[in-house]
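Welcome! Take a moment to turn the model around on your screen, and then let us walk through a few of its parts together.

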Amino acid sequence: MLRVGVMVSGGGTNLQAILDAIDNGTVTNVQIAVVISNNPGAYALERARNHGIPAVCISPKEYGSREDFNKALLAGVDSYGLDLIVLAGFLVKIPEEMTRRYERRIINIHPSLIPSFCGVGYYGLKVHEAALERGVKVTGATVHYVDSGMDTGPIILQKAVEVLDGDTPEVLQRRVMEQAEWVILPKAIDMIANMALSDGC
């Protein structure tokens with residue numbers, strides 16, 4: 001059984017997609033051990049509590065420096081004995097020490113087809129605004145391993161989504177979530193969990 005921690009900053013729709021996939025048996029051999037947010041008001045924490053999952057807030061505002069916050073975040077993550085960390089809309093840069101310690105054990109969902117519209121400054125609606133400004137006909141989402149760069153780790157899964165005439169950033173964001181993010185993030189977790197199982201982990 002893969003012990004997974006999900007890190008999220010907002011509403012937690014990707015977290016809900018994971019929970020639903022576990023509940024309906026699409027994702028197997030996975031236990032969500034903790035949900036961690038940097039934002040005390042994140043609805044994702046409520047989703048976790050409703051599922052009986054520990055919900056933890058570790059906010060940078062509670063620490064005197066980014067270094068202190070990074071140490072607290074790493075200590076919090078370490079305390080749950082996680083096999084996999086899933087960044088599901090976590091809008092805080094992961095400390096380099098964490099990416100080293102959890103090499104190939106942190107994955108992220110990004111709302112574009114990497115290498116398009118990724119890296120510093122590309123998050124949330126900004127990604128979809130940029131895609132529409134560029135006039136692309138196809139966008140999508142990517143699940144990738146996290147390394148010390150920004151959206152630069154090895155790609156695990158991608159799924160394309162059509163851009164339609166008249167799309168607004170909000171409409172496109174919703175379509176990418178429904179058709180890509182909520183599909184490939186649970187699928188990637190299931191693949192990793194069952195690959196680990198077949199490896200005897």
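## One face of a helix

Which residues of helix α5 (residues 125-134) are buried? They are Val127, His128, Ala130 and Ala131. Keep in mind as you look that this is a predicted model. If you look down the axis of α5, the buried residues fall within an arc of 160°, so they line one face of the helix.

Just past this helix comes Gly135. The phi angle of Gly135 is positive, near 85°.

## A closer look at His128

Let us pick out one residue of α5, namely His128. Is His128 buried or exposed? With a relative accessible area of 1%, His128 is buried, since anything under 20% counts as buried.

What does His128 touch, once its neighbours within four places in sequence are left aside? The contacts of His128 are Pro111, Pro169, Leu172, Gln173 and Val176.

## Two helices side by side

Now find helix α1 (residues 13-23) and helix α2 (residues 43-50). Their axes come within 9 Å and cross at roughly 20°. Angles under 35 degrees count as roughly parallel, and α1 and α2 are therefore roughly parallel to each other. Their crossing is right-handed.

Which residues make the contact? On the α1 side they are Thr13, Leu15, Gln16 and Leu19, while α2 brings Ala44, Arg47 and Ala48. Sorted by class, this contact of α1 with α2 has four nonpolar, two polar and one charged residues.

## Two serines in loops

Serines turn up in two of the loops, and you can visit them one after the other. Ser59 sits in the loop between β3 (55-57) and α3 (66-78). Ser59 has a relative accessible area of 5%, so this residue is buried. Apart from its neighbours within four places in sequence, Ser59 is in contact with Asn38 and Phe69.

Ser116 is in the loop between β5 (106-110) and α5. Is Ser116 buried or partly exposed? Its relative accessibility is 35%, so Ser116 counts as partly exposed. To get a feeling for distances, try locating Ser116 and Ala42 together. The two are 74 residues apart in sequence, and their C-alpha atoms are 28 Å apart in space.

Definitions and conventions: Residues are numbered from 1 along each chain as its sequence is written. This is a predicted model: local features need pLDDT of at least 70, side-chain atom pairs count only at pLDDT 80 or more; totals for chains, interfaces and linings use all residues. Side-chain values use heavy atoms; hydrogens and water are left out. Buried means under 20% relative accessible area, exposed over 50%, partly exposed in between (1.4 Å probe, protein chains only). Helices (H or I, at least four residues) and strands (E, at least two) are DSSP runs, numbered from the N terminus. The arc is that of the directions from the helix axis to the C-beta atoms. Axes are lines fitted to C-alpha atoms, for helices over the stretch in contact, and angles run from 0 to 180 degrees between N-to-C directions. Angles under 35 degrees count as roughly parallel, over 145 as roughly antiparallel, 65 to 115 as roughly perpendicular and the rest as oblique. A crossing is left-handed if the near helix is turned anticlockwise from the far one by less than a right angle, and right-handed if clockwise. Contact means heavy atoms within 4.5 Å. Ala, Val, Leu, Ile, Met, Phe, Trp, Tyr, Cys and Pro count as nonpolar, Asp, Glu, Lys and Arg as charged, and the others, Gly among them, as polar.
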